[in-house]
Number of protein chains: 2
Amino acid sequence: MKENNNKIRIALDAMGGNFAPVNEIEGAILAYKEKSDILDITLVGDGKLIEKHLKNYGFSNNFNILNAEDIVTMEDSPSDSYKNKPKSSMRIGLELQSKGESDAFVSTGNTGAVLANSTLSLGKIEGISRPTIGSPMPSLKGGFSMLFDVGASVDCKSRHLLEFAVMGSVYMNYIGNIPNPRVGLLNIGEEENKGNEITIKAYDILKNSKINFIGNVEGDDILSGKVDVTVCDGYTGNIILKFAESVIEILKYKFKEYANRNFKNKIWMGMFRNTLKKILKEFDYQNYGGVPLLGVNGVAIIGHGKSTSVAIKNMIFRAVEMVKKNVNEKIRIEINSYLNNNNK
Amino acid sequence: MKENNNKIRIALDAMGGNFAPVNEIEGAILAYKEKSDILDITLVGDGKLIEKHLKNYGFSNNFNILNAEDIVTMEDSPSDSYKNKPKSSMRIGLELQSKGESDAFVSTGNTGAVLANSTLSLGKIEGISRPTIGSPMPSLKGGFSMLFDVGASVDCKSRHLLEFAVMGSVYMNYIGNIPNPRVGLLNIGEEENKGNEITIKAYDILKNSKINFIGNVEGDDILSGKVDVTVCDGYTGNIILKFAESVIEILKYKFKEYANRNFKNKIWMGMFRNTLKKILKEFDYQNYGGVPLLGVNGVAIIGHGKSTSVAIKNMIFRAVEMVKKNVNEKIRIEINSYLNNNNK
């Protein structure tokens, strides 16, 4: 495959997810089929295995392959994975970017390890002290809002919540296509003086920032469509995210349990099954196509370990968008303009 | 009404909820009808209004009335309500207990104000520094677990999480009738070293306590049936609680929206409406009958402002149970045995 400077160079961790490398390779092929004119994809991982699969699919000449001997597993300690596995597909894929030979990295592997390896390989955007991972949340009014942080930064100070607000705001503006996104601070009451030590201080910082800060929002506002970006510490965000995912699973279980109670229920639920599926699917934000890791000096898109090939395709397209729209540069300008303003 | 020392003396805030005093008085009558032999209920509030209502219902001679000129509203600042409204039905109802003339207080008024007034009127149980409010959470395996704290104590230290674990454990043992309840620490990973500063320290304290501590639990474990008591700081718990409440509301809205899309959907949803209601009702923990405020040196049961008369009846019965089973004395013994063990 020839080099082409107009193309977006994506390094895909072919060994990341639960179904690697099959879903990764299929995802790459799907993306290539749709946008071959702009994509230059490098599959990083077990070279022989990747080659064999590509041959089977008849796509041997459409991708670069970069061999990586090791794999970061879901059991590996995120913080140790960088040091302990220098030849992992994750680290090698990211180092391609730090060497300037790639524009973005995509992985469905161990989320914490992607965070750690990205931060160490790429460094942080000037002005950002804490990278953040966001998650889409379905909105009552259709579409999605984003929740930052969902686990990248567990112990937060107020200053970090400002960073999340800036990064989330830029992301929703350029990737979510929402001009002047509404940012809410997750809290236990709407009044300015409500909350814990960190949120009370953060309110004051956000109020005086250039962000479109709509004030405190409560737990029941997250899905309400009231905000485009909800900001909280990574401990709280992670718990909300996992809780939200479990609610839909439990509802499905309850519907099934109800159906199995007696024959009449079974007939009823059978008749209604497809309708129910359609409605619950509107809540299914698993296929959003990966979540961005923001604040690192490069592009890294993280996907669920169970990502389908379609989800992986969408992650690749998300990475392309992040590069094309130069989201990181916009974050750098925003956070530094705020810092400069504040230093006056 | 004659005094009787074998009866449980309940002070009911007749002015608390959104439908006060109607639902309160109806709830008191429902409770009285079922358990007149053990109940001695005092209705606290606008004496003339209460008297009029009781007369209408034909129950003039079955309740005590204690006049209170003022009402704590939902808009009142919880922390100021005690000082600013010394003649509120809330404070007067609670002071009946601090004077030894009542055994328990029940209110559907401003939750924060019940917390503040109870703590100031009744004091705290020896060994407890932070009272807590718990909320039932539906469990996948049927029944409920309890989440502590859902907003009484916003800035928590590890030591406070131990207190919540002890109080929650005693509550689930004696009120939930679960021997040796399983206590989980809400966290962002199962491993001992996961979490923020507070939970990492709390893990260590809980591990060395006499509590049946099953370790860290994640957001998706809350509803899973894995735990009987989930412990977290009041900021996180409050957000989870409000988020959970909103999910069911949003689902109802989505079902309705789907029905309104076209005539076929409307027919479908119409046929399925009752079944759906039955299933969602299993998730409806609003009618659990009030949540306990634990850690104060007395009994206070807090209900939702929208409580129905049946919910208020259940709150009165919950108060009776708390008194009969002497839950506070058990909390005192547990927390102090732990403190003594630790001082060795």
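This report describes the fold of chain A, the pairing of chains A and B, and some backbone features.

The structure is a predicted model, in which local features need pLDDT of at least 70 and side-chain atom pairs count only at pLDDT 80 or more, while totals for chains, interfaces and linings use all residues. Residues are numbered from 1 along each chain as its sequence is written, chains are lettered from A and ligands numbered from 1 in the order in which they are written, and side-chain values use heavy atoms, with hydrogens and water left out.

**Chain A**

Chain A contains 11 helices and 11 strands; helices (H or I, at least four residues) and strands (E, at least two) are DSSP runs numbered from the N terminus. The radius of gyration of chain A is 21 Å, close to the 20 Å given by the globule rule for 344 residues, so the chain is as compact as a globular protein of that length. This radius is taken over C-alpha atoms, and the rule is 2.2 Å times the number of residues to the power 0.38. The C-alpha trace of chain A spans about 70 × 60 × 35 Å along its principal axes.

**Relation of the two chains**

A turn of 180° with a shift of 0.0 Å along the axis lays chain B on chain A with an RMSD of 0.1 Å. The two copies are thus related as by a two-fold rotation axis. The superposition is by least squares on the C-alpha atoms of residues with pLDDT of at least 70 in both copies. Within chain B, the residue that comes closest to the rotation axis is Thr236(B), its C-alpha lying at 2.9 Å.

**The interface**

Chain B and chain A each bring 49 residues to the contact, where contact means heavy atoms within 4.5 Å. Of the interface residues of chain B, 100% are also interface residues in chain A, so the copies meet through the same surface.

The two chains bury about 4,900 Å² between them, 74% of it on carbon and sulfur atoms. In chain B, the residues losing the most area to chain A are Leu140(B), Tyr235(B) and Phe243(B), together 15% of what that side buries. Buried area is the accessible area (1.4 Å probe) that two parts lose on being put together, summed over both.

Two salt bridges are counted between the chains, each defined as a side-chain nitrogen of Lys or Arg within 4 Å of a carboxyl oxygen of Asp or Glu. In one of them, Lys242(B) pairs with Glu218(A), the closest N and O atoms being 2.3 Å apart. On the side of chain B that touches chain A, the elements giving two or more residues are helices H7 (197-207), H8 (234-259) and H9 (263-281). H8(B) gives the most, with 18 residues.

**Backbone features**

Cis peptide bonds occur in both chains, as tabulated here.

| Peptide bond | Geometry | Omega |
|---|---|---|
| Phe148(A) to Asp149(A) | cis | about 0° |
| Phe148(B) to Asp149(B) | cis | near 5° |

Asp149(A) is placed in the loop between strand S6 (144-148) and helix H6 (158-174) of chain A. Asp149(B) lies in the loop between strand S6 (144-148) and helix H6 (158-174) of chain B. Although Asn180(A) is not a glycine, its phi is positive, at about 50°. Asn180(A) belongs to the loop between H6 and strand S7 (183-186) of chain A.
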